[in-house]
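Colleague: I should like to go through this protein with you, from its overall make-up to its local backbone features. Please reason each answer through before you give it.

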Amino acid sequence: MASPLSPIHPLPFLSSSSTATTLTRRSLLLSSTLTTTLPTTPLSLPPQLDTNITDRVYLDFSLCPTYFRNATAADSTPLCSDPSPLGRLVLGLYGNLLPLTVSTFKRMCTSSSYKNTLVHKIFPGQFFQAGRQGRSREYGEVRLPPALDLPRNTETVDSKAFLLKHSRPGVVSLCLSENDDDDEVKLDSEYRNVEFLITTGPGPCPQLDNNNIVFGTVLEGLDVVTAIASIPTYKPSERIRQLNDLAEFFGDERAQKGRTLWNRPLKTVYISDCGELQVTKPSMSPTLP
C-alpha cells in the first residue's frame, strides 16, 4: 500500500512528450493528405487580343488659310484654293480583332468619303476628332454616298470590342461616347457612325476607355499628330460656361448647340486625301510609336 506522502508518477502513455509526438505526426499526416487531395486551380490569364495589322490606310492633312467656301460642286473639287500641307498619317488597322469597324473605316478611305472633311474638334493634350456627319458637305462634314451601302456595325454592342485602351499617343478609335454627329442625321434609318478620334498624348486618355472602340494605331506621322494638336482652339470664358450650364438646366436646346463650338480649331485643318496602302505581310505586328 502506497504511503500518503509518496509521489504519484504519471503513466507513460499520458506523458506530455508522447502526446506532443502523437499530435505532430497526425498534423503531418493530415497536411500531406490535404495537399495531395485538394485540386489546384490555375491562375486565370487575361485574354490575348489579336492586334496584328491586317490593313494600312493613309490620311493626308492640310491647313487652309481661309474658311471653306460654300461649294456645291462634286466632291473631287478642292474645298480650299490655297492649302498648306501638314503631312501624312499611315494607320495600321486591327482587322482580325474588329473586322466590321476596320472594313467600314477602310471603305470610307478608299471611297474618298473622308476627303475634304474637317478635323472639327481638338482637345489639347488628349485627342482630336474627324469624320463628323452633317446635313451638308458645304461645311466640310462627311456625307455618306448611298452607293457605299455600309453594313451595321454590331461590334458597338460587343463587350470584347472595348478591351483595348487609349494608353498612348497615336491610338485610332471609333467615336461612341464622344460622337457629335448632327441629331437629324442620327435619326435616319440608314445612319452609320464613321466619326473617329486619334489620341495626341503626351499621356493616356483613360476617360475614353470602355466607351470608344480602339481599332488601329498610327504607324507613321506622329509629328503630324503633334502639329494638329498644337493648333489653337476656341475656349469659352467662364461666364459663357456658366450661362450654358444654366440654359442646359432649364432644358434650353441652344445650350447643346452652343457647346458644339467649344474646342473647335481656330484654323481650318482638314483631310485633303485618303486611301489604302497594300500590306506586304498581313500578319506583321504593329510598330508602336
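Modeller: Before we discuss packing, one term is needed: a contact means heavy atoms within 4.5 Å. Please bear in mind also that this is a predicted model.

Colleague: In what order do the elements of the protein run from the N terminus on?

Modeller: The protein has 6 helices and 8 strands. Buried residues make up 40% of its 289 residues. Read from the N terminus on, the elements run α-β-β-α-β-β-β-α-β-β-α-α-α-β.

Colleague: What share of the contacts with a separation of 6 or more comes from residues 24 or more positions apart?

Modeller: A single pair can illustrate such a separation: threonine 54 and glycine 92 are 38 residues apart in sequence and 7.4 Å apart in space, C-alpha to C-alpha. For the protein as a whole, among contacts with a separation of 6 or more, the share from residues 24 or more positions apart is 80%.

Colleague: Which residues have the most contacts inside the largest nonpolar core?

Modeller: In soluble globular proteins, nonpolar side chains tend to be buried together. Here the largest nonpolar core has 37 residues. A second, separate core of 7 residues includes Ile53, Val90, Val171 and Leu219. Within the largest core, the residues with the most contacts are Leu59, Phe61, Leu91, Phe105 and Tyr114.

Colleague: Which residues does leucine 59 touch, leaving aside those up to four places away in sequence?

Modeller: Leucine 59 is on one side of S1, together with Asp55, Val57, Phe61 and Leu63, and these residues are buried. Leaving aside residues up to four places away in sequence, leucine 59 touches Gly87, Arg88, Leu89, Leu91, Phe105, Cys109, Phe196, Ile271, Asp273 and Cys274.

Colleague: How many of the residues of S1 are buried?

Modeller: Both faces of this strand are covered, with Arg56, Tyr58, Asp60, Ser62 and Cys64 buried on the other side from Leu59. S1 is therefore largely enclosed by the rest of the structure, its count of buried residues being 10 of 10.

Colleague: In S8, which residue is the bridge partner of arginine 56?

Modeller: S1 pairs with S2 in the antiparallel sense over 9 bridges, and there arginine 56 stands opposite glycine 92. S1 and S8 also run antiparallel and are joined by 9 bridges. In S8, the bridge partner of arginine 56 is leucine 277.

Colleague: Which residue in S7 does valine 172 stand opposite?

Modeller: Strand S7, residues 213-220, is mostly covered, with 7 of its 8 residues buried. S2 pairs with S7 in the antiparallel sense over 4 bridges, and glycine 92 stands opposite threonine 217. S5 and S7 likewise pair in the antiparallel sense over 4 bridges. In that pairing, valine 172 stands opposite glycine 216.

Colleague: Why are the buried residues of H2 on the same side of the helix?

Modeller: An α-helix has 3.6 residues a turn, so residues three or four places apart point the same way. In H2, the buried residues are Thr101, Val102, Thr104, Phe105, Met108 and Cys109. They lie on the same side of H2 because the arc they cover around the axis is only 165 degrees.

Colleague: Which strands do the buried residues of H2 pack against?

Modeller: Helix H2 covers residues 99-110 and reaches 16 Å from its first C-alpha to its last, close to the 16 Å expected at 1.5 Å a residue. Its buried residues pack against S1, S2, S5, S6, S7 and S8.

Colleague: Is asparagine 116 buried or exposed?

Modeller: Most residues other than glycine have a negative phi, and most peptide bonds are trans. Asparagine 116 has a positive phi of about 65 degrees although it is not a glycine, and its place is in the loop between H2 and S3. The cut-off for burial is under 20% relative accessible area. At 4% relative accessibility, asparagine 116 counts as buried.

Colleague: And is aspartate 149 buried or exposed?

Modeller: Aspartate 149 also has a positive phi, of about 50 degrees. Its place is in the loop between S4 and S5. With a relative accessibility of 59%, aspartate 149 counts as exposed.

Colleague: What is the omega of the cis peptide bond from glycine 201 to proline 202?

Modeller: Proline 202 lies in the loop between S6 and S7. The peptide bond that joins glycine 201 to proline 202 is cis, and its omega is near 10 degrees.

Technical notes
Residues are numbered from 1 along each chain as its sequence is written. This is a predicted model: local features need pLDDT of at least 70, side-chain atom pairs count only at pLDDT 80 or more; totals for chains, interfaces and linings use all residues. Side-chain values use heavy atoms; hydrogens and water are left out. A nonpolar core is a set of buried Ala, Val, Leu, Ile, Met, Phe, Trp, Tyr and Cys residues joined through side-chain atoms within 4.5 Å. Buried means under 20% relative accessible area, exposed over 50%, partly exposed in between (1.4 Å probe, protein chains only). Helices (H or I, at least four residues) and strands (E, at least two) are DSSP runs, numbered from the N terminus. Two strands pair if DSSP finds at least two bridges between them. The expected span of a helix is 1.5 Å times one less than its number of residues. The arc is that of the directions from the helix axis to the C-beta atoms.
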